[in-house]
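Hi,

Here is the structure I said I would pass on. Have a look at it first, and my notes follow underneath.

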Amino acid sequence: MTVGKTDIGPPDYRNVLHPVIKKNYGQWKYHEILEPGVLVHVSESGDKIYTVRAGSGRLVSTDFIREVCEIADKFSDGHLRFTSRHNLEFFVTDASKLAPLKADLKSKGFPVGGTGRGITSIVHTQGWIHCHTPATDASGPVKAVMDELYDYFTSMTLPAHLRIALACCLNMCGAVHCSDIAILGIHRLPPKVEHERVRNVCEIPTTIASCPTGAIRANPKEKSGRYQRC
C-alpha cells in the first residue's frame with residue numbers, strides 16, 4: 001500500500017519499511033538475540049531478517065547521518081532505524097554480512113550491543129541545546145554516565161534489561177518515568193530575570209509563557225510583584 005505524500009509531518013512508515021519487514025508485517029513467529037547487539041526475526045513464511053544494533057547519541061550532525069546512511073547503503077539495502085532510545089539498527093537478510101557489518105561499525109567507533117540483559121543508550125531531554133527550562137544540561141551528564149557503563153552496553157551480563165534516562169527538569173520529558181534508573185535535574189533556587197536582556201536574546205512568547213507565576217515581562221519597565229512567589 002502506497003500512501004500519498006504530504007508536506008506535513010513525517011512520512012508514512014509503511015513506505016520506508018525494509019521489504020522483508022513489510023512483506024511479513026504482523027506475521028513474525030519469534031525472534032532471538034544471537035549475541036549482544038545482534039537479533040534475528042523469523043516469520044511464519046520462513047523469512048529471516050537480522051538486526052545489528054549500535055549505539056548513537058541523541059544530538060547528531062549531518063555528517064554523522066551521512067556516515068550511517070553510507071553504512072546502510074553498503075550493508076542493509078539502504079535501510080536503517082533510529083530507536084526511541086537513540087540506538088541505530090541495520091537490517092541484513094544474508095547472515096554472511098553480519099561479521100563485515102560489525103567490523104565496519106567497530107572501525108568507525110560505533111559500539112554494537114544494547115540488547116538483552118544489558119544497558120541500552122540513555123534517553124534524555126534537550127538540555128541547554130534547545131530547551132528553555134532546564135535545571136541541568138543533558139548531553140554532558142549522559143556522556144559521563146555512559147562512559148562508566150560502556151561495558152554493559154556491549155555485553156549481556158546484568159540480571160535483566162536496564163534502562164536509564166535523564167530529564168533536565170521536573171517536566172520529565174526524557175522518559176524518566178518509564179526507566180529503571182532516573183537522573184532528574186531540579187531547580188534549587190528561583191531564576192533571576194534580567195529584564196533588560198529578555199527582549200534582545202529570547203523568544204518572547206515562549207519565554208513569558210514558560211514562567212508559571214508570570215514574573216517575566218516583555219516590557220522591562222513593567223515590574224512584577226510575582227517574583228516573590230517563585
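Let me start with Lys23, which is exposed, with a relative accessible area of 55%. Keep in mind as you read that this is a predicted model.

Lys23 has a partner: its side chain meets that of Asp47 in a salt bridge, 3.0 Å from N to O. Lys23 sits in helix α1 (residues 19–23), while Asp47 belongs to the loop between β2 (38–43) and β3 (48–55), so the pair ties together parts that are 24 residues apart in sequence. Asp47 is partly exposed, at a relative accessible area of 22%.

The structure holds eight salt bridges, so I'll just pick out a couple more. Glu89 pairs with Arg53, and the closest N and O atoms are 2.6 Å apart. Here strand β5 supplies Glu89 and strand β3 supplies Arg53, so this pair ties together parts that are 36 residues apart in sequence. Are these two buried or exposed? Both Glu89 and Arg53 turn out to be buried. Arg81 comes in here as well: Arg53, Arg81 and Glu89 are linked in a network of salt bridges.

Then there is Arg14, which forms a salt bridge with Asp12, with 2.9 Å between the closest N and O atoms. Arg14 is partly exposed, its relative accessible area being 30%.

Next, helix α2 (residues 62–75). At 1.5 Å a residue, its 14 residues should span 20 Å, and the end C-alpha atoms are indeed 20 Å apart, which agrees. The buried residues in α2 are Phe64, Val68, Ile71, Ala72 and Phe75. They cover an arc of only 100° around the axis, which puts them on the same side of α2. What covers them? The cover for the buried residues of α2 includes β4 (80–82), β5 (87–92) and α3 (98–107). On the face turned away from that buried side you'll find the exposed residues Thr62, Asp63, Arg66, Glu70, Asp73 and Lys74. One backbone detail to check while you're there: just after α2, Asp77 takes a positive phi of about 55°.

Last item, on the surface: Leu170, Met172, Leu184 and Ile186 make a nonpolar patch of about 360 Å². If you want to find Ile186 quickly, look in the loop between β8 (181–184) and α5 (195–201).

Cheers

Conventions
Residues numbered from 1 in each chain as written. Predicted model: local features only at pLDDT ≥ 70, side-chain atom pairs only at ≥ 80, totals over all residues. Heavy atoms only, no water. Helix = DSSP H or I, 4+ residues; strand = E, 2+ residues; numbered from the N terminus. Expected span 1.5 Å × (residues − 1). Buried < 20%, exposed > 50% of the residue type's maximum accessible area, 1.4 Å probe, protein only. Arc of directions from axis to C-beta. Contact = heavy atoms within 4.5 Å. Patch = residues over 30% accessible without salt bridge, like charges linked within 9 Å, V, L, I, M, F, W, Y side chains within 5 Å. Areas by Shrake-Rupley, 256 points an atom, 1.4 Å probe, with all protein chains shown as cover. Salt bridge = Lys/Arg side-chain N within 4 Å of Asp/Glu carboxyl O.
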